[in-house]
Amino acid sequence: MKADLCGKTRLAKAFENKGFVAYTVAGDPSVKESVIAAKALVRGGCDVLELGVPFSDPVADGPVIQKADKRALDAGITVDGVFEVVREIRKFSDVPLVFLVYCNIVFRRGVDRFYDEAKEAGVDGILIVDMPPEESGPALKASKRTGIAQIFLVTQTTSDERLDKIVEMASGFVYLVSTLGVTGQRAEVSEKAFPLLEKVEAKTSVPVAVGFGISKPEHAEEIVGHGADGVIVGSAIVSIIEKFSGKCNGESKDGANGNEMTVTDGKEKDKETEEMCNELSEYVKSMKDAMKNVMR
């Protein structure tokens with residue numbers, strides 16, 4: 001299932017009525033189970049699915065996602081396996097798909113090759129989380145050529161000069177980091193996120209989505225209430241998957257090396273898989289409902 005529109009356009013449309021971005025790590029805890037989890041998130045109503053490309057040194061991520069990266073790597077995931085996950089998701093959904101990936105993976109494979117393969121698989125946007133905007137020329141060139149959106153992070157330490165460059169280069173959406181530090185659930189949304197949100201939105205027409213530390217419906221409600229175009233959640237979702245890790249009916253390396261893989265919703269799921277999927281779907285619905293409450 002592939003859409004005709006380019007990634008930049010598809011992502012822009014996903015945020016027209018406030019978008020919920022659900023993050024998972026591709027291949028966590030296995031390729032097959034990560035596809036099953038993705039299906040549950042789509043069923044719950046996520047507007048964008050963000051796939052973390054597992055990396056051995058994910059410095060921007062907190063312990064929950066670091067452990068997910070390790071589970072996926074231990075299960076044998078490769079970059080080829082990540083593209084396989086995308087292709088499997090594309091068999092049942094045209095939800096916009098975004099990669100969160102680190103520089104080493106992209107540049108080791110070759111920027112043009114990585115973007116071409118991502119395009120072929122069905123990826124709409126790429127965030128290279130540790131890529132300085134001043135060194136983003138090759139990625140921007142590949143983004144423009146393939147139509148894949150180039151997403152950038154904005155943080156509380158981003159200077160005004162760098163922010164101007166980022167909003168000029170960004171497409172799809174701008175990822176606003178709500179708090180200093182790494183990913184992970186927080187009790188409250190940092191109040192410092194909102195002046196930054198106002199500043200970024202004044203500089204660009206590209207949608208602005210807020211992530212890092214977001215986990216509760218009241219967080220989503222507060223962020224959308226301050227004018228954000230979207231909400232991004234990672235650790236809370238990955239924690240649900242972690243809770244069921246090893247208990248579901250996925251096979252650890254199924255599909256990672258190009259083997260035939262089948263995901264038949266409802267028929268081959270055991271009780272644990274069903275519970276995980278229900279929990280993921282209900283979580284997404286709760287966040288979407290909170291966002292809708294603000295718009296009523």
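Here are three short exercises, with worked solutions, on a predicted model.

**Exercise 1.** Find which strands pair with strand 8, and say in which sense.

*Solution.* Start with strand 1 (residues 19–25), which runs parallel to strand 8 and is joined to it by 4 bridges. Here valine 21 has isoleucine 232 as its bridge partner. Next comes strand 7 (residues 208–211), also parallel to strand 8, with 2 bridges. In this pairing, alanine 209 is matched with glycine 230. Now follow the chain from strand 7 to strand 8: the path goes through helix 10 (residues 217–225), and the β-α-β crossover is right-handed. Finally, check the two faces of strand 8: Gly230 and Ile232 are buried on one side, Val231 and Val233 on the other.

**Exercise 2.** Classify the ring pair of phenylalanine 99 and phenylalanine 114.

*Solution.* First take the centres, which are 5.9 Å apart. Then take the planes: they meet at 50°, so the pair is tilted. Now place the rings: phenylalanine 99 is in strand 3 (residues 97–101) and phenylalanine 114 in helix 6 (residues 111–121), 15 residues apart. For burial, the cut-off is under 20% relative accessible area. Phenylalanine 99 has 1% and counts as buried; phenylalanine 114, at 1%, is buried too. Both belong to an aromatic cluster with Phe83 and Tyr115.

**Exercise 3.** Do likewise for tyrosine 175 and phenylalanine 212.

*Solution.* The centres lie 5.9 Å apart and the planes are at 90°, making the pair edge-to-face. Tyrosine 175 sits in strand 6 (residues 174–177) and phenylalanine 212 in the loop between strand 7 and helix 10, so the pair ties together parts 37 residues apart in sequence. Tyrosine 175 is buried at 5% relative accessibility, and phenylalanine 212 is buried at 9%.

Note on methods. Residues numbered from 1 in each chain as written. Predicted model: local features only at pLDDT ≥ 70, side-chain atom pairs only at ≥ 80, totals over all residues. Heavy atoms only, no water. Buried < 20%, exposed > 50% of the residue type's maximum accessible area, 1.4 Å probe, protein only. Pairing = 2+ DSSP bridges. Right-handed = clockwise from strand over helix to strand, strands pointing away. Phe/Tyr/Trp six-rings, centres within 6.5 Å; stacked < 30°, edge-to-face > 60°.
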